[in-house]
Amino acid sequence: SPDASTLVYQSDALGNWDIYTIRPDGSDKKLIIADKGNDITPVWSPDGAKILFVSERDTNREVYVANADGTNQINLT
């Protein structure tokens, strides 16, 4: 995040690529974006309120934005 308090990353720990947040010390790991398709390449908005990511949930790659906690996912493309 812009304030360096939280990292956002992708992992395939559950069998496909999902998006997680975690604190730099390794605590407070949260699965915030999961779907049947791969969700990849998360990045923070400059103010840390949103996360932009690419998803294959519609069988092709689309750009989405969500709140920093993963809620309110909106397809931008």
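Here are some worked exercises on a predicted model.

**Exercise 1. Work out how the four-stranded sheet is put together, and which strands sit at its edges.**

Solution. Start with the order: the open sheet runs β4-β5-β6-β7, with antiparallel pairing. Next, look for strands that pair on one side only; these are β4 (39–44) and β7 (74–75), the edge strands.

Now go through the pairings. β4 and β5 (residues 50–55) are antiparallel and share four bridges. To find your way along this pair, use V43, whose bridge partner in β5 is L52, and D39, which stands opposite S55. Moving on, β5 and β6 are joined by six bridges and also run antiparallel. L52 turns up again here, with V65 as its bridge partner in β6.

Finally, check the turns. The β4 and β5 hairpin has five residues between its strands, and G48 has a positive phi near 80 degrees there. The β5 and β6 hairpin has six residues between its strands, and in that one T59 takes a positive phi near 70 degrees.

**Exercise 2. Describe how β1 and β2 pair, then find out what surrounds S11.**

Solution. First the pairing: five bridges hold β1 and β2 together in the antiparallel sense. One pair to look up is L7 with its bridge partner I22 in β2. The two strands form a hairpin with six residues between them, and G15 in the turn has a positive phi of about 105 degrees.

Then turn to S11, which is found in β1 (residues 7–11). Its relative accessibility is 16%, under the 20% cut-off, so S11 counts as buried. A polar atom of the S11 side chain lies 3.2 Å from the backbone nitrogen of A13. Setting aside residues up to four places away in sequence, S11 touches N16, W17, D18 and Y20.

**Exercise 3. Which residues make up the largest nonpolar core, and where does Y64 fit in?**

Solution. List the members to begin with: V8, I19, I32, I33, I51, F53, Y64 and A66, eight residues in all. The elements giving two or more residues to this core are β3 (30–33), β5 and β6. As background, nonpolar side chains tend to be buried together in soluble globular proteins.

Pick V8 for a closer look. Apart from neighbours within four places in sequence, V8 is in contact with I19, Y20, T21, P42, W44 and I51.

Now for Y64, in strand β6 (residues 62–67). Y64 counts as buried because its relative accessibility is 6%, under the 20% cut-off. Leaving out neighbours within four places in sequence, its contacts include I51, L52, F53 and I74. L52 is twelve residues away along the chain, yet the C-alpha atoms of Y64 and L52 are separated by 5.8 Å. The Y64 side chain also makes a polar contact, at 3.0 Å, with the side chain of D58.

**Exercise 4. Find out whether D18 is buried or exposed, and which side chain of opposite charge is nearest.**

Solution. Locate D18 in strand β2 (residues 18–22). D18 is buried and has no salt bridge; R57, the nearest side chain of opposite charge, is 7.5 Å away. Then see what D18 does touch: beyond its neighbours within four places in sequence, its contacts include S11, I33, D35 and D39.

So what does R57 pair with? R57 meets D35 in a salt bridge (4.0 Å, N to O). This pair links distant parts of the chain: D35 is in the loop between β3 and β4, R57 is in the loop between β5 and β6, and they are 22 residues apart. R57 is buried, with a relative accessible area of 13%, whereas D35 is partly exposed at 25%.

**Exercise 5. How many salt bridges does the structure hold, and which residues share partners in one network?**

Solution. The count is five salt bridges. Take R61 and E56, whose closest N and O atoms are 2.7 Å apart. R61 is exposed, with a relative accessible area of 57%, while E56 is partly exposed at 24%.

For the network, follow shared partners: R23, D28 and K30 are joined this way. One of the links is D28 with R23, where the closest N and O atoms are 3.6 Å apart. D28 is partly exposed at 37% relative accessible area, and R23 is also partly exposed, at 35%.

Methods: Residues are numbered from 1 along each chain as its sequence is written. Side-chain values use heavy atoms; hydrogens and water are left out. Two strands pair if DSSP finds at least two bridges between them. Buried means under 20% relative accessible area, exposed over 50%, partly exposed in between (1.4 Å probe, protein chains only). Contact means heavy atoms within 4.5 Å. A polar contact is a pair of N or O atoms within 3.5 Å; within protein, one must be able to donate a hydrogen and the other to accept it, and residues adjacent in sequence count only if both atoms are side-chain atoms. A nonpolar core is a set of buried Ala, Val, Leu, Ile, Met, Phe, Trp, Tyr and Cys residues joined through side-chain atoms within 4.5 Å. Lys and Arg count as positive and Asp and Glu as negative; His and the chain ends are not counted.
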